[in-house]
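Work through the exercises below with the sequence and the 3D view side by side. Each task is followed by a worked solution.

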Amino acid sequence: MVGMLYACSPVTFVEANHLDHREYLAQVLIEIEILAVDAHHRGQGVGTALLRYAEQHLHRRGIRLVVAKVDAADRRVMPWYRHRGYTLARNGESCYIATPDKSVGLNAGPADGPWRLAVKAPGAAITWCAGGLWPTAGTNLPA
C-alpha cells in the first residue's frame with residue numbers, strides 16, 4: 001500500500017448535539033481520521049492526490065466542511081495542510097458551524113492538548129472572529 005485516507009462524520013461531536021441538528025451536521029461535516037503515506041513514497045504528491053480526490057468526492061456528496069485534527073508538535077504536517085488551503089486553529093480554538101437555528105463549536109480538545117484543527121470549506125474562506133473559526137459565504141452553511 002502506498003497511502004490511504006479515511007474520513008467519516010465526527011460521530012462523538014454529532015451525537016453530542018441536539019437531535020434536530022445531528023442529521024444536518026452529518027450531511028455537511030466530515031473529519032479526516034487518517035491520512036498516511038508510506039515513508040518510501042512521501043514527497044511524491046501521493047498525500048496531496050489522496051486529499052484532493054477525497055475533497056472533490058465529498059464536495060459532490062454535499063460535504064461543505066472538512067476538518068482534521070493535527071498534532072500541534074508536528075512541524076511538517078501543519079504547513080502541509082496550510083499549503084493545501086486549510087486554516088489551522090490555535091490550540092483549543094473551535095470551528096463554529098451554523099445549524100439551522102444555532103451555532104455549535106467543534107474543537108480538537110483543550111488548549112493545552114496536543115491537537116489543533118485544520119479546517120477547509122471548499123469554495124469558501126474560513127475567517128477568525130468571535131473566538132474561533134467561521135466558514136464564510138459559499139459553504140452552503142447558514143450564516
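**Exercise 1.** In which strand is the place of Ala36?

Solution. The model is predicted, so local features need pLDDT of at least 70 and side-chain atom pairs count only at pLDDT 80 or more, while totals for chains, interfaces and linings use all residues. Residues are numbered from 1 along each chain as its sequence is written, and side-chain values use heavy atoms, with hydrogens and water left out.

Step 1. Ala36 belongs to strand β2, which covers residues 29-37. Helices (H or I, at least four residues) and strands (E, at least two) are DSSP runs, numbered from the N terminus.

Step 2. Classify the exposure of Ala36. Buried means under 20% relative accessible area, exposed over 50%, and partly exposed in between (1.4 Å probe, protein chains only). Ala36 has a relative accessible area of 33% and is therefore partly exposed.

Step 3. List the contacts, meaning heavy atoms within 4.5 Å. Not counting residues up to four places away in sequence, Ala36 touches Val2, Gly3, Met4 and Leu50.

**Exercise 2.** Describe the largest pocket and its lining.

Solution. Step 1. Fix the term. On a 1 Å grid over the protein atoms alone, a pocket is an open set of points where a 1.4 Å probe fits, with protein on both sides within 12 Å along at least five of seven lines; lining residues have an atom within 4 Å of a point.

Step 2. The volume of the largest pocket is about 690 Å³, counted as the space filled by probe spheres set on the points, which are joined across faces, edges and corners.

Step 3. The lining has 26 residues, and those closest to the pocket centre are Leu35, Ala36, Arg42, Val77 and Trp80.

Step 4. Two or more lining residues come from each of β2, α3 (46-60), β3 (65-71) and α4 (77-83). Strand β2 gives the most, with 7 residues.

Step 5. By type, the lining holds 12 nonpolar, 6 polar and 8 charged residues. Here Ala, Val, Leu, Ile, Met, Phe, Trp, Tyr, Cys and Pro count as nonpolar, Asp, Glu, Lys and Arg as charged, and the others, Gly among them, as polar.

**Exercise 3.** Place three loop residues: Gly62, Asn17 and Arg84.

Solution. Step 1. Gly62 lies between α3 and β3. Its relative accessible area is 22%, so Gly62 is partly exposed. Beyond its neighbours within four places in sequence, Gly62 is in contact with Gln27 and Val28. The C-alpha atoms of Gly62 and Gln27 are 6.7 Å apart, with the two positions 35 residues apart in sequence numbering.

Step 2. Asn17 sits in the loop between α1 (11-15) and α2 (19-28). At 11% relative accessible area, Asn17 is buried. Residues up to four places away aside, Asn17 touches Arg22, Leu25 and Val104.

Step 3. Arg84 is in the loop between α4 and β4 (87-88). With residues up to four places away left out, Arg84 touches Thr48, Leu51 and Lys120.

**Exercise 4.** How many helices and strands are there in the protein, and why is it called as compact as a globular protein of its length?

Solution. Step 1. The protein has 4 helices and 9 strands, in the order β-α-α-β-α-β-α-β-β-β-β-β-β along the sequence.

Step 2. The radius of gyration, taken over C-alpha atoms, is compared with the globule rule, 2.2 Å times the number of residues to the power 0.38. The protein has a radius of gyration of 15 Å, close to the 15 Å that the rule gives for 143 residues, so it is as compact as a globular protein of that length.

Step 3. Of the 143 residues, 42% count as buried.
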